[in-house]
Amino acid sequence: MEGYFAKKYLSLAKGEFRIMNMRESLRELYPKLYGEGVDSEKMDRRFDRLISDHEQLFGKKNEIMIFSSSGRTEIAGNHTDHNHGKAIGGSVNLDTIAAVTKRDDKRVIIKSEGYPVVDIDISDLSIREDEKNTTNALLRGIAKAFEERGVEVSGWEGNTSSNVLKGSGLSSSAAVEVLAAEIFDHIYNGDKSSPLELSKIGKYAENVYFDKPSGLLDQICSSAGGVSYIDFSNNENPEVEKLDVDFDALGYPMIITDTRGDHADLTMEYAAVPVEMKKVASYFGKEYLSEVKYDDFLSSISDIRKSVCDDRAILRAYHFFTENERVEMMRRELIDGDIETFLMLVSDSGSSSYKYLQNVYPASDVKNQGLSLALALSEEVLSGEGAVRVHGGGFAGTIQAYVPPYLEKRYIERMESIFGRGCSIHISIRKLPVGRIF
């Protein structure tokens, strides 16, 4: 019996040592993942629970790998990417984490908090109509993308936990896509794919298998880490430049407010934006507005009106051209550290989205204007300081505000009094790209 208890104690000691080693390793990364003010003990509990859940779901394993991918924030370039324009975005300190172990077969099994288990056999990588708009489709599409790149992938099992607010405009879906791509890449491709390549893989799965016509901005921002300037002129290989930016250090923390509007039945509103912009581009015999010269557009508006018979399309095109110029100016101000001029341009971007892009509330439901109300209340609290704009796709969802620290408490309280407790969160830029963190 003594030998039995000695072995059992040694087994427990190894397990406890692994947990301690994991905590020590992760604590070194917490500031780069979640910001300098991170609550380390809270994060310890989060990762402990992730490992515990993995062991309960799949049994104790010799090597459990931990991965993390972030949510994203759009900083400049509202609805410019789908017409091959320019944008600035960043990874944020909210993430989806996964505990993963390798399998010896072709099954990929994922259990995400609050969702049923996903269990697919990737020996069949054909597109399935009954899987569209599901996680199954994304996983199958990601596996197919690796196969087309000559990488032989196989199975794995994992469980995930996310604090990227679903439906908040912080792109929880892109975080999941690049996370799954990174897991395949790490296990079966030796981490050879760059963040940009992982982004393309996620986009492919979303476009072809999930059946959603999204761009590449969200995936790049979720995968790259930090703040990125992106030029989509060559959409297959966009130019990505890393910018060294810390909004907290510049004195204007970023606060995202989720107005908790319903995104249901808004697909046509989102889809109309690129369609209408391309309608103007087609007047010039081009597919995308990025191929059209701004001066040619301005000098042709009278004829464009007669040709396309759609003033909103012209206004949305006007937003595209001016927003593209603003992105370049905002990039320069961030490089120079001129936060005051940058904030003026943020306000200009928000005004253009409201007046010309017209994505602050849906034309199909003018009675529900949560974003408009949030913008108005933000301007009332800020009283000319900081800046505020619609965030992401618009129509419902979130706004983005840069709030001086002395107004932060008052600002959040004001937002919560209208949209509910926890609607506003202080966002910091995450420095690390998607990857295995333990």
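**Figure 1. Methionine 65 and its neighbours.** Let's start with a residue that has plenty of company: methionine 65 touches Ala98, Ala99, Val100, Thr101, Lys102, His186, Ile187, Arg436 and Phe438, leaving aside residues up to four places away in sequence. This view, like the others here, comes from a predicted model. Methionine 65 belongs to strand S1. Its relative accessible area is 7%, under the 20% limit, so methionine 65 counts as buried. Proline 116 sits 51 residues from methionine 65 in sequence, and their C-alpha atoms are 22 Å apart in space.

**Figure 2. The largest nonpolar core.** Here we look at a group of 32 residues that forms the largest nonpolar core. Phe146, Trp156 and Phe184 have the most contacts inside this core. At least two of the core's residues come from each of these elements: strands S1 (65-76), S2 (86-102), S3 (107-112) and S4 (118-121), and helices H3 (135-148), H4 (172-189) and H5 (195-209). Helix H4 is the biggest contributor to this core, giving eight residues. Another core, of 26 residues, lies apart from the largest one, and Ala76, Ile88, Val227 and Ile256 are among its members. As background, nonpolar side chains tend to be buried together in soluble globular proteins.

**Figure 3. Arginine 103 in a loop.** Arginine 103 is found in the loop that lies between S2 and S3. Is arginine 103 buried or exposed? With 16% relative accessibility, arginine 103 counts as buried, because the limit is 20%. The side chains of arginine 103 and aspartate 105 are joined by a polar contact of 2.7 Å. Beyond four places in sequence, arginine 103 touches Ile109, Gly155, Trp156, Glu157 and Tyr188. You may recognise Trp156 from the previous view, where it is one of the residues with the most contacts inside the largest nonpolar core.

**Figure 4. The second largest pocket.** This view turns to empty space: the second largest pocket holds about 770 Å³. Its lining is made of 33 residues, and those nearest the centre of the pocket are Tyr34, Gly35, Val38, Asn93 and Ser428. Helix H1 (2-34), helix H2 (40-58), strand S2, strand S7 (239-243) and strand S11 (424-427) each provide at least two lining residues. Helix H2 gives the most to this lining, with four residues.

**Figure 5. Arginine 23 on helix H1.** Helix H1 also carries arginine 23. Which residues does arginine 23 touch, not counting those up to four places away in sequence? They are Asp44 and Asp48. With aspartate 48 there is also a polar contact between the two side chains, at 2.3 Å. Arginine 23 has a relative accessible area of 33%, so it counts as partly exposed. Valine 176 is 153 residues away from arginine 23 in sequence and 24 Å away in space, C-alpha to C-alpha.

**Figure 6. Serine 352 in helix H11.** Serine 352 lies in a helix, H11, that covers residues 339-357. Its relative accessible area is 2%, so serine 352 is buried. His319, Thr322, Arg326 and Leu357 touch serine 352, again leaving out residues up to four places away in sequence. Arginine 389 is 37 residues from serine 352 in sequence, with 9.5 Å between their C-alpha atoms.

**Figure 7. Confidence along the chain.** The protein chain has an average pLDDT of 92, and 93% of its residues score at least 70. Over residues 1-17, though, pLDDT stays under 50, and the model shows zero contacts there beyond four places in sequence. Where pLDDT is low, predicted coordinates should not be read in detail.

Key:
Residues numbered from 1 in each chain as written. Predicted model: local features only at pLDDT ≥ 70, side-chain atom pairs only at ≥ 80, totals over all residues. Heavy atoms only, no water. pLDDT = per-residue confidence, 0-100. Contact = heavy atoms within 4.5 Å. Core = buried A, V, L, I, M, F, W, Y, C linked by side-chain atoms within 4.5 Å. Buried < 20%, exposed > 50% of the residue type's maximum accessible area, 1.4 Å probe, protein only. Polar contact = N/O pair within 3.5 Å; in protein donor to acceptor, adjacent residues only side chain to side chain. 1 Å grid on protein atoms, 1.4 Å probe; cavity = no way out; pocket = protein on both sides within 12 Å on 5 of 7 lines; lining within 4 Å. Points joined across faces, edges and corners; volume = space filled by probe spheres on them.
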